[in-house]
Amino acid sequence: MVKYDRLWETMKRKNVSQYRLINHYKISAGQLGRLRKNRYVSTHTLEMLCKILECGVEDVIEIVFDPSEEE
């Protein structure tokens, strides 16, 4: 499972609000909604967030494996 909890922590640490992402950096509210629900976003979006927040992708996304889920 992909989780974006690290994104919210990084935003807080860097003092960047969702409002700022939407209005200053033109990240869509829909994309932020997808991130809040841990849904798919493109690598382009992840790259933009890393540039805005001046961080690595590991500060935005985390992959957590659930042992009960099998392919």
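In this predicted model, a good place to start is Thr 10, which is in contact with Leu 53, Cys 55 and Asp 59 once its neighbours within four places in sequence are left aside. Thr 10 is found in helix α1. With a relative accessibility of 2%, Thr 10 falls under the 20% limit and therefore counts as buried.

From this residue the view can be widened to the whole chain. The protein chain holds 4 helices and 2 strands, and reading along the sequence gives the pattern β-α-α-α-α-β. The C-alpha trace spans about 40 × 20 × 20 Å along its principal axes. The protein chain has 71 residues, of which 30% count as buried. Its accessible surface comes to about 5,200 Å², and 51% of that surface belongs to carbon and sulfur atoms. As for contacts along the sequence, those between residues at least 6 apart may be taken together: 65% of them join residues at least 24 apart. The protein chain also carries 12 positive and 11 negative charges, and the mean positions of these two groups are 12 Å apart.

The interior comes next. The largest nonpolar core has 17 residues, and the members that touch the most other members are Tyr 4, Leu 7, Leu 21, Leu 35 and Val 60. Helices α1 (5-14), α3 (29-36) and α4 (43-53) are the elements that give two or more residues to this core. Of the contributing elements, α4 gives the most, with 5 residues. Leu 21, one of the core members named above, offers a helpful close-up. Leaving aside neighbours within four places in sequence, Leu 21 is in contact with Met 11, Val 16, Lys 26, Ile 27, Leu 32, Leu 49 and Ile 52.

A polar pairing can be followed in the same way. Gln 31 has its place in helix α3 and touches Val 41 and Thr 45, not counting residues up to four places away in sequence. With Thr 45 the link runs through the side chains, which are joined by a polar contact of 2.7 Å. Gln 31 and Thr 45 are 14 residues apart along the chain, and their C-alpha atoms are separated by 8.2 Å.

Two loop residues deserve a look for their backbone angles. Asn 15 has a positive phi of about 60° although it is not a glycine. This residue lies in the loop between α1 and α2 (18-23). Is Asn 15 buried or exposed? At 67% relative accessibility, Asn 15 is over the 50% limit and so counts as exposed.

Glu 54 gives the second example. Its phi is near 50°, a positive value in a residue other than glycine. Glu 54 is found in the loop between α4 and β2 (62-63). The relative accessible area of Glu 54 is 66%, and because exposed means over 50%, Glu 54 is exposed.

Set side by side, the residues visited here show both ends of the accessibility scale: Thr 10 in α1 is buried at 2%, whereas Asn 15 is exposed at 67% and Glu 54 is exposed at 66%.

How values were computed
Residues are numbered from 1 along each chain as its sequence is written. This is a predicted model: local features need pLDDT of at least 70, side-chain atom pairs count only at pLDDT 80 or more; totals for chains, interfaces and linings use all residues. Side-chain values use heavy atoms; hydrogens and water are left out. A nonpolar core is a set of buried Ala, Val, Leu, Ile, Met, Phe, Trp, Tyr and Cys residues joined through side-chain atoms within 4.5 Å. Buried means under 20% relative accessible area, exposed over 50%, partly exposed in between (1.4 Å probe, protein chains only). Contact means heavy atoms within 4.5 Å. Accessible areas come from the Shrake-Rupley method with a 1.4 Å probe; for residues, only the protein chains shown count as cover. Lys and Arg count as positive and Asp and Glu as negative; His and the chain ends are not counted. The place of a charge is taken as NZ of Lys, CZ of Arg, CG of Asp or CD of Glu. A polar contact is a pair of N or O atoms within 3.5 Å; within protein, one must be able to donate a hydrogen and the other to accept it, and residues adjacent in sequence count only if both atoms are side-chain atoms.
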